[in-house]
Each structure stands twice: as C-alpha cells, then as structure tokens.
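I opened my notebook for a first look around this structure. Here is what I looked up, entry by entry.

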Amino acid sequence: ATVTRVLPNTVEVHISERTPIAVWLHDTGATLVDAEGRQLARVAPSTLPALPRIAGAGAPEAAGTLVAALASFPDIARRVTVSTRVGQRRWNLHLDSGVVIALPEEGIGEALAAAEKLDAESGLFGKGVSVIDLRVPGRTVVRPALQAEGTEEVKVSRRQ
C-alpha cells in the first residue's frame, strides 16, 4: 500500500494486491510468498493445496524462477510434493513416488526436459529409484531406492 498526502486535506491510498505463488514451509510454520520472494502471510501448511510447497533457506527469493520452469513441465509439476532449496543455489524436487530429482544450479529447464524424457522412455519415476541426479549437464546418475551397502550408483548418459 502507498499512502500519499495531497494538500490541503486529502489522503490517497493505493493498494496493489500481491498474488501468492507458493507456500514456504519453514521451522516456525508456513508462509505464502509471491513471485518476487516477498513473504505475504503466515498460514497453516495445508492452506491453498494447489500452490507448490517450497522449503529451505533462500527458497522464497528463488521460487518465482522454479515455478516458471515447472509451468513448462506440468506432468512433473503435478508430481512434486515439495521443492527444497539446497545451499541457497539449487533445488531438489521431491516427487509423490518418493523419487528426488536433484536439479543443477543453472539450466533448470533443460534438466526438467531430460527428466521428463527419462520418465517417458523408461517410467523411471516409479521404478524403485530414490534419486535422479541431473546436476552435471550431459550426465544422469540414478540411485536405486534400496541401495545395498557397497553397491555403486548407476550412471546413465543422456545425449544433448
């Protein structure tokens, strides 16, 4: 809101409504955030279930970019239960199947396209996988859900 005094005896109030784009889950509860990362209002964590859930330090400030990227991949966006900001520089997407997609710091759109292609080709999101690591361009690392001690990660190369 902006309040302006107009002499001699008028006060003008201009109100611009902010639109929440995500619910930020943090230690003390949940807060609605807008595309600019502004914290709008504290809410119950179950408020506005259609909005994406984000977590982690720096998540509100980076939520606009993530939400915009996920808008181009609605099949993945529907499956994300919470997006966690890691090191205030990148995201981990936690899917409803228990799979975690580790996104790179830059090139989120390309990484999401690769994840969508992997799932379309092999149904990877539901095949006993715990992590799909897309942090290194051109290389995908898939970690099985029940990785026994001493076993190695499976590396899958993806073509650019």
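Which residues is Ile101 in contact with, leaving aside its neighbours within four places in sequence? I found Trp91, Asn92, Leu93, Leu95, Ala115, Phe125, Ile132 and Leu134, with contact meaning heavy atoms within 4.5 Å.

**Ground rules.** I am reading a predicted model, where local features need pLDDT of at least 70, side-chain atom pairs count only at pLDDT 80 or more, and totals for chains, interfaces and linings use all residues. I number residues from 1 along each chain as its sequence is written, and side-chain values use heavy atoms, with hydrogens and water left out.

**The cores.** I next looked up the largest nonpolar core (buried Ala, Val, Leu, Ile, Met, Phe, Trp, Tyr and Cys residues joined through side-chain atoms within 4.5 Å; buried means under 20% relative accessible area with a 1.4 Å probe, protein chains only). This core has 31 residues, and Ile76, Leu93, Ile101, Leu103 and Leu112 touch the most other members. At least two residues each come from strand E3 (20-26), helix H1 (59-71), strand E8 (90-95), helix H3 (108-122) and strand E10 (129-133). These helices (H or I, at least four residues) and strands (E, at least two) are DSSP runs, numbered from the N terminus. H1 gives the largest share, six residues. I also noted a second, separate core of five residues, including Val23, Ala30, Val43 and Leu51.

**Strand E8.** Why is E8 largely enclosed by the rest of the structure? Five of its six residues are buried, so the surroundings largely enclose it. I then checked its pairing, for which DSSP must find at least two bridges between two strands. Strand E7 (residues 80-86) pairs with E8 in the antiparallel sense over six bridges, and Thr84 has Asn92 as its bridge partner in E8. Three residues lie between the strands of this E7 and E8 hairpin, where Gly87 takes a positive phi near 60°. Strand E9 (residues 100-102) also runs antiparallel to E8, joined by three bridges, and His94 stands opposite Val100 in E9. The hairpin of E8 and E9 has four residues between the strands, and Gly98 in the turn has a positive phi of about 95°.

**Arg53.** My last stop was Arg53, in strand E6 (residues 53-55). Arg53 is buried yet has no salt bridge, and Asp96, the nearest side chain of opposite charge, is 14 Å away. A salt bridge would need a side-chain nitrogen of Lys or Arg within 4 Å of a carboxyl oxygen of Asp or Glu. What does the side chain of Arg53 reach at 2.6 Å? I found the backbone oxygen of Thr47 there, while the backbone oxygen of Leu48 lies 2.9 Å from a polar atom of the Arg53 side chain.

Terms used:
Buried means under 20% relative accessible area, exposed over 50%, partly exposed in between (1.4 Å probe, protein chains only). Lys and Arg count as positive and Asp and Glu as negative; His and the chain ends are not counted. A polar contact is a pair of N or O atoms within 3.5 Å; within protein, one must be able to donate a hydrogen and the other to accept it, and residues adjacent in sequence count only if both atoms are side-chain atoms.
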